[in-house]
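Morning, everyone. I will go through one model today, strand by strand and then pocket by pocket. Please have the sequence and the structure open.

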Amino acid sequence: MTEQPKITPTEDGPLVVSAAPDLIGSDGAVIATKDTATLCRCGHSGNKPFCDGSHKAAGFSSAVDRSKIRNTPIAYKGTVNGIEVTVGYTPVLCTHAAACQRLAAAVFDPEKRPWVQPENGALPDIMDAVAACPSGALRLTLGEMPPQQLTTGEVSLRVEKNGPYHVRNIVLAAEFNGAQASRAKYSLCRCGMSKNKPFCDGSHHDANWSDD
């Protein structure tokens, strides 16, 4: 039986990916990997996205500080074509990838309050936006149906430029912290600053962290 890909965060060190799939770079190009890949998560490697041991000199700590994270889910309700639509959102899981804003700008607008207004958009656009959310921070409920993250069965590991690793359908050997977090799609910290390690909490965005 073929071994399934698995990601294991090491203490104060890199992410170890066994049976590693090829990485997808921010430009869409494939980054070939060996069967076992060690990925930087301290933000200091000179060979990103791979680990070069810089975490030791940088004094990287994988300890978490969840005392101030925003881990309470929020529900935004609206009616679209007679259907009650609820968009669920967990702030701490948001990576600020802004896919929702690109695909449904009338619904997802950080300049408005509330920033999510389902009634302003079309249902297909809302579904596309939730499906494109790479971290599982967004969920969709239609009527009385259970909330859905809307993801596909693809197995992938994508590197965002100046941002986290976006993962689809790879087992993670870690506690899933984040209200209603998805095990099918999630984002892992690459800058080393997240307070919710190994998950990204958007700290790279707030700090203007760069790959360079």
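What is the order of the four strands in the open sheet? The model is a predicted one, and in it the order reads β5-β2-β1-β11, with mixed pairing. At the edges sit β5, residues 36-39, and β11, residues 171-172, each of which pairs on one side only.

Take one pair from that sheet. Strand β2, residues 15-18, is joined to β5 by four bridges, and the two run antiparallel. If you want a place to click, go to Val16, whose bridge partner in β5 is Thr38.

Just before β2 there is a backbone detail. The loop between β1, residues 6-9, and β2 holds Asp12. Asp12 is not a glycine, yet its phi is positive, near 55°. Is Asp12 buried, partly exposed or exposed? Asp12 is partly exposed, at a relative accessible area of 32%.

A second case is Asn81, in the loop between β6 and β7. Here phi is about 50°, again positive in a residue that is not a glycine. Asn81 is exposed, and its relative accessible area is 74%.

Next, the helix α3, residues 123-132. Which residues of α3 are buried? They are Leu123, Ile126, Ala129 and Val130. Why do they fall on the same side of α3? Because they cover an arc of only 125° around the axis. As a reminder, an α-helix has 3.6 residues a turn, so residues three or four places apart point the same way. What do the buried residues of α3 pack against? The list is β6, β7 (83-89), α2, β8 (138-142) and β12 (185-188).

On to the loops with cis peptide bonds. One such bond joins Arg113 and Pro114, with omega about -5°. Pro114 lies in the loop that runs between α2 and α3. Another cis peptide bond joins Lys197 and Pro198, and there omega is about 5°. Pro198 belongs to the loop between β12 and α4, residues 203-207.

Now the pockets. How much space lies in the largest pocket? About 370 Å³. There are 21 residues in its lining, and the closest to the centre are Tyr89, Cys94, His96, Gln101 and Trp115. Two elements give two or more residues to that lining: β6, residues 74-80, and α2, residues 99-103. The largest share is that of α2, with three residues. By class, the lining of the largest pocket has 14 nonpolar residues, five polar and two charged.

The second largest pocket has a volume of about 270 Å³. What lines the second largest pocket? Reading along the chain, we have Lys68, Ile69, Arg70, Tyr89, Pro91, Val92, Cys94, His96, Lys195, Asp201, Ser203 and Asp206. The classes here come to five nonpolar, two polar and five charged residues.

Put the two lists side by side on your screens. Tyr89, Cys94 and His96 are among the residues closest to the centre of the largest pocket, and Tyr89, Cys94 and His96 also line the second largest pocket. On charge, the largest pocket has two charged residues in its lining, while the second largest has five.

To go back over the backbone: the positive phi values I showed are at Asp12 and Asn81, and the cis bonds are the ones before Pro114 and Pro198. That is my part done.

Terms used:
Residues are numbered from 1 along each chain as its sequence is written. This is a predicted model: local features need pLDDT of at least 70, side-chain atom pairs count only at pLDDT 80 or more; totals for chains, interfaces and linings use all residues. Side-chain values use heavy atoms; hydrogens and water are left out. On a 1 Å grid over the protein atoms alone, a cavity is a set of points where a 1.4 Å probe fits but cannot get out, and a pocket is an open set with protein on both sides within 12 Å along at least five of seven lines; lining residues have an atom within 4 Å of a point. Grid points are joined across faces, edges and corners, and a volume is the space filled by probe spheres set on the points. Ala, Val, Leu, Ile, Met, Phe, Trp, Tyr, Cys and Pro count as nonpolar, Asp, Glu, Lys and Arg as charged, and the others, Gly among them, as polar. Buried means under 20% relative accessible area, exposed over 50%, partly exposed in between (1.4 Å probe, protein chains only). The arc is that of the directions from the helix axis to the C-beta atoms. Contact means heavy atoms within 4.5 Å. Two strands pair if DSSP finds at least two bridges between them.
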